[in-house]
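Subject: Structure for you, with notes on packing

Hi,

Here is the structure I promised to pass on. Please open it alongside this email.

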Amino acid sequence: MKRIMRISDIRATTVTVPLEAPLRHANGCHWGRFVRTIVEVETDNGLIGLGEMGGGGESAEATFRAMKSYLVGHDPARLEEMRFKIANPTASLYNNRTQVLAALEFACLDLLGQAWGVPVCEILGGRLRDRVPFAAYCFFRYANPRTGHDEVRTIDQMVEHTCALKRRHGFTTHKLKGGVFHPDYELEVYRALAAAFPDDALRFDPNGVWSTEQAIRFGQAIENLRNDYLEDPVFGLNGMRRTREMVRIPLATNTVVVNFEQLAANTLNTAVDVILLDTTFWGGIRACVKAAAVCETFQLGVAVHSSGELGIQLATMLHLGAVLPNLNFAADAHYHHLTDDIIEGGLMKYDGGSIAVPTAPGLGVRLNRDKLREYSELYKRLGSYPYDQDPARPGWTPLVPNDRWADPTDGRAPQIPF
């Protein structure tokens with residue numbers, strides 16, 4: 001009989017990895033870097049599986065250390081048992097561990113793939129595609145604090161930036177992250193992108209900060225463009241439903257359908273056409289595969305959402321994208337904004353707007369321990385940053401629906417520690 005692996009240790013390390021420039025969004029800013037917690041699950045036969053979670057610091061590291069009392073001695077193949085051990089739905093009313101579960105599931109799947117000598121996508125049912133297409137994720141950006149370059153604020157800057165991304169990576173789908181400036185200004189920017197790339201697909205995401213009336217007005221104004229979908233124009237299923245009744249563009253979400261209860265509600269009374277599956281928000285790759293099957297049954301579209309990944313989570317997105325029969329849209333990824341990664345070989349490469357699904361056993365990525373140390377030390381020096389604050393507007397906070405827009409003529413560059 002084949003010997004069963006047992007989990008022997010769980011380790012977590014928080015890192016911060018620089019971006020080309022600070023990324024502005026409707027609720028604040030990524031302050032020139034991403035903060036992520038890297039998880040290592042070791043077994044008694046010496047294998048190490050990798051996971052990743054957004055955010056971090058001492059609290060995240062302490063949470064993963066606490067999981068040792070639940071999981072040391074556990075068979076990593078018993079993933080459903082692990083789900084109920086650490087994320088029982090009733091207990092989770094008090095200690096929501098969905099993203100913790102996701103990072104541990106990534107690591108356990110990585111372990112199983114290594115032990116069985118197959119990539120994770122083969123465990124999930126077998127790959128249907130060898131490459132996953134991605135969209136250019138286009139943000140308004142502050143200038144890089146070190147160089148003073150890479151600002152994206154004006155229409156011309158956005159078009160030039162998107163052209164550069166297309167030249168460098170081959171993207172044929174372009175997603176504009178809005179909700180920063182007044183909708184009328186962002187409508188001009190979006191139309192300029194459509195004019196610059198008449199043969200490419202477009203999508204727009206204001207992060208749910210518009211009123212339903214603003215969403216309807218904007219949606220109707222772009223109906224003649226080559227849209228994949230309008231993502232999260234408002235926050236809440238009923239607002240999405242009201243918008244959908246008045247706008248002839250598919251609506252998408254990664255905010256108001258992020259669990260199976262919400263998916264059931266949306267299926268019974270459709271408010272959203274395309275569900276953006278996030279391997280962390282849903283609690284793991286397997287949960288996303290289950291959700292995609294529901295969407296396939298009820299003829300809802302699916303795409304892959306990005307929550308600011310490094311290479312480990314990107315690998316989970318690639319394995320997910322490889323096995324979904326109903327992946328009809330290019331995936332999102334913040335990945336091309338990064339300047340480096342913590343995996344061996346550095347940043348994964350785009351080719352023709354897509355990235356190859358790893359073929360090595362497990363997730364197919366391994367830690368570069370020198371980079372892990374380097375960016376762990378950088379995190380210890382810089383600490384976290386407030387995702388929901390804007391460094392150039394102290395004291396600012398957005399409303400929902402918002403009316404506190406940034407000024408597109410304001411070219412100041414905030415001082416951000418790097």
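Below is what I found on the sheet, the helices against it and one helix pair.

First, a caution: this is a predicted model.

The sheet. It is open, has three strands in the order 1-4-5, and pairs in the antiparallel sense. Strand 1 (7-18) and strand 5 (48-54) form the edges. Each has a single partner strand, so one side of each lacks a neighbour in the sheet. From one strand to the next, the twist averages 25°. Strand 1 pairs with strand 4 (residues 33-43) through eleven antiparallel bridges. For a reference point in that pairing, take aspartate 9: its bridge partner in strand 4 is glutamate 42.

Helices on the sheet. Helix 13 (residues 369-382) packs there, touching strand 1, strand 4 and strand 5. Its direction makes about 65° with that of strand 1. Helix 4 (residues 98-116) also lies across strand 1, strand 4 and strand 5. Helix 4 runs at about 155° to strand 5.

The helix pair. How do helix 10 and helix 11 cross? The axes of helix 10 (residues 260-268) and helix 11 (residues 285-297) come within 11 Å and cross at roughly 10°. Angles under 35 degrees count as roughly parallel, so helix 10 is roughly parallel to helix 11. On the helix 10 side, the contact involves Phe260, Leu263 and Thr267. Helix 11 meets them with Ala287, Lys290, Ala291, Val294 and Cys295. By class, that contact has six nonpolar residues, one polar and one charged.

Best wishes

Methods: Residues numbered from 1 in each chain as written. Predicted model: local features only at pLDDT ≥ 70, side-chain atom pairs only at ≥ 80, totals over all residues. Heavy atoms only, no water. Axes fitted to C-alpha atoms, helices over the stretch in contact; angles between N-to-C directions. Helix = DSSP H or I, 4+ residues; strand = E, 2+ residues; numbered from the N terminus. Parallel < 35°, antiparallel > 145°, perpendicular 65-115°, else oblique. Contact = heavy atoms within 4.5 Å. Nonpolar A, V, L, I, M, F, W, Y, C, P; charged D, E, K, R; others polar. Pairing = 2+ DSSP bridges.
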